Amino acid sequence: MLFSPNVLFLLRGVPRLLRCAAMSTVTGTFQLQEALNYREGTRTEPADGDHMEDAYEPATGRVIGKFRFSGAKEVALAVQSAQTAFKIWSQKSGMERSTVLLEAARIIRERREEIATMETINNGKSVFEALLDIDVAWQTLQYYAGLAASMAGQHIQLPRGSFGYTRREPLGVCVGIGAWNYPFQIACTKSAPALACGNAMVFKPSPFTPVSVLMLAEIYNEAGVPKGLFNVVQGGAATGQFLIQHPNVAKVSFTGSVPTGIKIMELAAKGIKPVTLELGGKSPLIIFSDCALENAVKGALMANFLSQGQVCCNGTRVFVQREILNAFTKEVVKETQKIKIGDPLMEDTRMGALINRPHLEKVLSFVKQAKDQGAEVLCGGNTYVPDDPKLADGFYMSPCVLGNCQDNMTCVKEEIFGPVMSILPFDTEEEVLERANNTRFGLAAGVFTRDIQRAHRVAAGLQAGVCYINNYNVSPVELPFGGYKMSGFGRENGEAAIEYYTQLKTVCVEMGSVESVF
Ligand code: NAD
């Protein structure tokens, strides 16, 4: 999930923060001090669990603290906490829920810099981007607060004055399991519609980014949700499995990789629990020769290098019509080389650190493999060591553009989840559509062209849940978001999400006598 054009609009009107000097003192100083689980309206140490995990600051490579993974007992307590709150919350009117969510949105907005700073410390992305993420987060709460009061069923007339009606009812305790690339935003994307519909939630963040979601839990509490409505358990796969298997969990909303999504669906199937799966991608971005070149270049950078390239819907297969291949490649390389890498807490940094050392090495190994398979590294693709000595152990790399790519190369087929763009020439619309769709993924896709009919024809032909025309990686909360094929199913954002956090009850009312067949 990314940012919304609404956010950019807002930012233009707000004088940006002067954080260069002040923030440079923060990098390398933060230490975790408080418990990282949250239940019954308070931070708590987990009741069980043997495994202790290090939390990192990717910008410096420093361990900022340790925390305990939750076991089955803690998971059961968190679910119990949510069940108790659900009984109160589900009885409130939509307007009452709306009022609380709006207050939570207001507090997030008020604390946006503090939350963004924490996100940057624990995730490594630039604070510039983290601020955009936090703005999307409060907008998400505002949006679902708006929908909470207007959720309604249907009234259907039947013969002889009888009638039926439908009620949209909450599911109960919903589990949210998040990825590490948008920690705070993912927690809001899942919890806002869940809570608006009258559900309670237990959220498990990625063990790589355990910190910022606690701020959300505290904000919900401050805004006035019943104690226990939003709970946080920390842990990895085992904790996630305890959650999914818990008999009192009604639904699982997952954001993460395809292999984990498969396991989650299998486990949820055993309890016939509905799942929403927001999974990975290898999305195509198609650039026709009649495009506005400058916009297409900007779009390609947006499609590849936000959050150090660690974005699910990134358009990493950049198909360029042969007539403009040289001009496009030259410009894209030039602009990529200008990206400012470094201390993510500095206001002018545009690319921070990747999430951790193993992931950095994995991304670099994709670049090496691409070279071995015949791709040409046009720029970047190396570890990057910022001048500031306190950043020397951070997980930085220079953004990479690969030329001379072929459809069957690993870098073109697999999700890299790092700042690596592959450029692929094409000749005709028919050919490029077939190649773009030749993947097991189907999360997003983009097309740049000035030909309005072609733009819509190509968007209609692309096998992807989200298609961008003449832009890429904007994700306003008003629009549904989700994948086709192995990129998952179910939708987040937009009115569509309501369907995934409610169940429909039909009430059939007889106004006459019972006409029995017996
Ligand atoms: P991941 O699949 O490794 O982990 C995601 C979450 O699942 C983590 O919280 C993890 O602890 C948990 N988990 C792992 N194994 C589990 C199991 N067996 N049972 C229950 N929970 C388990 O993914 P990641 O590395 O955190 O995130 C990167 C992936 O997420 C990429 O593939 C990316 O494309 C995808 N992603 C998708 C979206 C989207 O909206 N479609 C958004 C962000 C990221």
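User: In this predicted model, which residue has a polar backbone atom 3.5 Å from a nitrogen atom of the ligand?

Analyst: The model is predicted, and its ligand makes contacts with both side-chain and backbone atoms of the protein. Polar contacts are counted for N or O pairs within 3.5 Å. A ligand nitrogen lies 3.5 Å from a polar backbone atom, and that atom belongs to Glu-278.

User: How much of the ligand's own accessible area does the protein cover?

Analyst: On its own, the ligand has 860 Å² of accessible area. The share of this area covered by the protein is 90%.

User: What is the distance between an oxygen atom of the ligand and an N or O atom in the side chain of Ser-257?

Analyst: The ligand is surrounded by 30 residues, and Ser-257 is listed with Gly-178, Lys-204, Thr-260 and Glu-415 as the closest. The side chain of Gln-241 also takes part, with an N or O atom 3.1 Å from a ligand nitrogen. For the side chain of Ser-257, the distance to a ligand oxygen is 2.7 Å.

User: Are the two faces of strand 17 covered or open, and which residues lie on the side opposite Ala-444, Gly-446 and Phe-448?

Analyst: Strand 17 spans residues 444–448, and five of its five residues are buried. In a regular strand, side chains alternate between the two faces of the sheet. Ala-444, Gly-446 and Phe-448 are buried on one side of strand 17, and both faces are covered. The buried residues on the other side are Ala-445 and Val-447.

User: Which residue in strand 18 is the bridge partner of Gly-446?

Analyst: Strand 17 runs parallel to strand 12, to which three bridges join it, with Ile-286 opposite Val-447. Four bridges join strand 17 to strand 18 (residues 466–469), also in parallel. Within strand 18, the partner of Gly-446 is Tyr-468.

User: What is the handedness of the β-α-β unit made by strand 17, helix 16 and strand 18?

Analyst: Helix 16 covers residues 452–461 and forms a β-α-β unit with strand 17 and strand 18. Those two strands run parallel. The unit is right-handed.

User: In the open sheet of order 5-6-20, which residue of strand 20 is the bridge partner of Phe-163?

Analyst: The three strands of this open sheet pair in the antiparallel sense, and strand 5 (155–157) and strand 20 (502–509) are its edges, each pairing on one side only. Neighbouring strands are turned by 20 degrees against each other on average, direction ignored. Strand 6 (residues 163–170) joins strand 20 over eight bridges. The partner of Phe-163 in strand 20 is Val-509.

Notes. Residues numbered from 1 in each chain as written. Predicted model: local features only at pLDDT ≥ 70, side-chain atom pairs only at ≥ 80, totals over all residues. Heavy atoms only, no water. Buried < 20%, exposed > 50% of the residue type's maximum accessible area, 1.4 Å probe, protein only. Pairing = 2+ DSSP bridges. Right-handed = clockwise from strand over helix to strand, strands pointing away. Near = heavy atom within 4 Å. Polar contact = N/O pair within 3.5 Å; in protein donor to acceptor, adjacent residues only side chain to side chain. Areas by Shrake-Rupley, 256 points an atom, 1.4 Å probe, with all protein chains shown as cover. Axes fitted to C-alpha atoms, helices over the stretch in contact; angles between N-to-C directions.
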